[in-house]
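The paragraphs below lead through the structure step by step, beginning with a single strand and widening out from there. Please keep the model open beside the text while reading.

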Amino acid sequence: MSKAKLTIEHISKSFSEKKGGKITHALQDFNLAVSPGEFVAIVGPSGCGKTTLLKIVAGLEVASEGEVYLDNNKVTGPGPERGLVFQDFALFPWRDVTGNVVFGPELLNVPAAERIKIAEHYIRLVGLSGNERKYPAELSGGMKQRVAIARALANDPEVLLMDEPFGSLDAQTRSQMQKELLYIWQENRKAVLFVTHSVEEAVYLSNRIVVLTGSPGTIKQVFPIDLSYPRSRSDHGFISLREKITGCVSGNCR
Amino acid sequence: MLIAPGPAGLPWAGELWGNTIISLWRVLVGFAIAAISGILLGVVIGWWRNVRDLLEPIIEILRPIPPLAWIPLAMLWFGLGFKPAVFLIWLGAFFPILLNTVLGMESTPKKLVEVAKTLGANSGQILFKVGVPSAAPSIMAGLRIGIGIGWMCLVAAELTGSNSGLGYMIMYYYSTMEAAKTVAGMLMIGIVGFLMFTALKKVEDKLLFWRVPP
């Protein structure tokens with residue numbers, strides 16, 4: 001079979017509403033293969049099924065049709081080999097930074113001493129050393145998202161799934177976090193599936209951009225991004241790609 | 001004659017303290033049983049929808065019956081003294097603890113459950129590492145309400161179904177027309193209630209320090 005890390009084959013998802021039995025098609029025949037270490041961004045208008053797709057890959061939702069494979073193994077439910085980062089962080093408020101980061105290893109019965117080492121490593125990687133004993137209520141939005149990323153990485157997942165992770169951050173924090181995510185990605189070389197509605201963010205971060213159209217969500221076009229890292233937002237190639245993809249998202253694909 | 005003091009009984013202070021300790025012991029035992037049973041049942045009802053559907057009708061019929069309406073039955077079943085008092089405190093404290101625990105479990109954020117699943121949690125781990133801790137603030141609120149209601153139920157129970165305790169004491173001095181001692185008993189009820197409430201609040205603040213400041 002294929003050498004892809006993550007294979008998404010013919011995924012469709014429809015919901016039937018409780019009242020009236022009206023059926024909504026969220027996704028239709030979505031196909032994608034993510035290579036090991038590849039950073040793929042999915043962009044599209046809100047309500048185009050981006051989040052649904054990510055939840056299906058995470059195993060939190062079941063596709064109406066189609067299959068997801070990780071290293072040729074069929075995905076049947078959530079699992080620690082696919083780490084998920086939400087837009088609104090979803091930290092455990094009763095656990096401090098370390099407590100949140102060790103949550104995954106703790107579930108998998110990693111010995112306590114080793115858990116602490118893992119936590120220290122990832123807390124350092126996301127630049128939060130010195131904040132180990134702080135609780136989520138004491139952290140800023142950017143810090144919370146760093147904790148959420150460290151928590152997802154602590155399980156050493158095969159794939160990192162990110163659902164608009166920087167969507168609720170202010171512009172400055174957001175661009176800082178994008179830089180740091182690239183650094184983390186280059187350190188770890190995980191395959192990343194990154195959902196965003198910001199074309200600029202997608203162009204800045206990813207190797208490949210998948211543009212989705214809304215209801216039902218289907219792939220409109222796929223753009224490889226061959227710019228070298230680190231990327232500059234004022235670079236000519238960057239701007240022309242951004243314009244082209246923005247045009248495609250709003251309906252004018254070339 | 002500490003428990004049922006006559007006019008020639010022990011000195012007044014000893015009698016007041018004795019009855020206070022008797023009442024306190026009753027309320028602590030009743031409250032402990034209510035806390036254990038209310039939290040356990042509440043966790044189960046709040047987590048599993050089918051258990052809730054099964055038990056909710058029974059609970060909703062029993063709940064509106066005021067604990068005081070149970071006094072006759074309590075005396076019939078348990079006689080006088082310690083046992084009926086504990087039973088009534090349990091009744092009074094149980095429902096607020098139960099309902100707040102159910103509410104807390106039911107409002108476990110779906111996102112946190114999903115995150116736990118993607119981190120590899122099995123269903124037991126989701127219950128104990130996500131559901132229960134996220135319900136903790138609501139459970140603590142239930143305990144606080146429960147101990148207040150339990151204390152009131154106790155005093156009411158002692159007015160009729162007992163021959164000792166603070167409730168009994170104020171009723172006794174009412175019948176001997178010693179208003180000062182009745183008032184002293186009432187004040188003691190207020191002070192002890194306040195202290196218990198404050199102690200529980202301290203425990204709550206200590207356990208739930210991680211809460212978002214309002």
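In this predicted model, strand S7(A) is covered on both of its faces, with A:Val159, A:Leu161 and A:Asp163 buried on one side and A:Leu160 and A:Met162 buried on the other. In a regular strand, side chains alternate between the two faces of the sheet. Counted along the strand, 5 of the 5 residues of S7(A) are buried, so that the description of the strand as mostly covered rests on this count and on the cut-off of 20 or more other C-beta atoms within 10 Å.

Which strands pair with S7(A), and in what sense do they run? On one hand, S6(A) and S7(A) pair in the parallel sense over 4 bridges, and within this pairing A:Gly83 stands opposite A:Leu160 of S7(A). On the other hand, strand S7 (residues 159-163) of chain A is joined by 5 bridges to strand S8 (residues 191-196) of chain A, and these two strands also run parallel. Two of the buried residues already named can be followed into this second pairing: A:Leu161 has A:Leu193 in S8(A) as its bridge partner, while A:Val159 stands opposite A:Ala191 in S8(A). The connection between the two strands can be traced as well, since S7(A), helix H6 (residues 171-188) of chain A and S8(A) make up a β-α-β unit that is right-handed.

These strands belong to a wider arrangement, an open sheet of 6 strands in chain A with the order S6-S7-S8-S3-S9-S10 and with mixed pairing. Its edges are formed by strand S6 (82-85) and strand S10 (218-224) of chain A, each of which pairs on one side only. Taken on average and with direction ignored, neighbouring strands of this sheet are turned by 20 degrees against each other. Helix H8 (residues 236-249) of chain A packs on the sheet, where it touches strand S3 (39-43), strand S9 (208-213) and S10 of chain A, and its direction makes about 20 degrees with that of S9(A).

Chain A holds another open sheet, built of 4 strands in the order S2-S1-S4-S5, in which the pairing is antiparallel. Strand S2 (23-34) and strand S5 (73-74) of chain A each have a single partner strand and stand at the edges, which means that one side of each is left without a neighbour in the sheet. Further in, strand S1 (residues 6-16) of chain A and strand S4 (residues 65-70) of chain A run antiparallel and are joined by 5 bridges, and there A:Thr7 finds its bridge partner in S4(A) at A:Tyr69. Helix H1 (residues 50-58) of chain A lies across S1, S2 and S4 of chain A, and it runs at about 120 degrees to S1(A).

Seen as a whole, chain A has a secondary structure of 8 helices and 10 strands. For its 254 residues a compact globule would have a radius of gyration near 18 Å, and the value of 18 Å for chain A agrees with this. Along the principal axes, the C-alpha atoms of chain A fill a box of roughly 50 × 45 × 40 Å, and 46% of the residues of chain A count as buried. Of the contacts in chain A with a separation of 6 or more, 71% are accounted for by residues 24 or more positions apart.

What helices and strands does chain B have? There are 8 helices and 0 strands in chain B, and from the N terminus on its elements run α-α-α-α-α-α-α-α. The C-alpha trace of chain B spans about 75 × 35 × 25 Å along its principal axes, and of its 214 residues 39% are buried. Among contacts in chain B between residues at least 6 apart in sequence, those that join residues at least 24 apart make up 73%.

It remains to look at where the two chains meet. The contact takes 21 residues from chain A and 16 residues from chain B. On the side of chain B that touches chain A, helix H5 (110-118) and helix H6 (123-160) of chain B each supply at least two residues, and the largest share, 6 residues, comes from H5(B). Sorted by class, this side of chain B has 9 nonpolar, 3 polar and 4 charged residues.

Note on methods. Residues are numbered from 1 along each chain as its sequence is written. Chains are lettered from A and ligands numbered from 1 in the order in which they are written. This is a predicted model: local features need pLDDT of at least 70, side-chain atom pairs count only at pLDDT 80 or more; totals for chains, interfaces and linings use all residues. Two strands pair if DSSP finds at least two bridges between them. Two residues are in contact if their C-beta atoms, placed from the backbone, lie within 7 Å. Axes are lines fitted to C-alpha atoms, for helices over the stretch in contact, and angles run from 0 to 180 degrees between N-to-C directions. The radius of gyration is taken over C-alpha atoms; the globule rule is 2.2 Å times the number of residues to the power 0.38. A residue is buried if 20 or more other C-beta atoms lie within 10 Å of its own, exposed if 12 or fewer, and partly exposed in between; C-beta atoms are placed from the backbone. Ala, Val, Leu, Ile, Met, Phe, Trp, Tyr, Cys and Pro count as nonpolar, Asp, Glu, Lys and Arg as charged, and the others, Gly among them, as polar. A crossover is right-handed if, with the strands pointing away from the viewer, the path from the first strand over the helix to the second runs clockwise.
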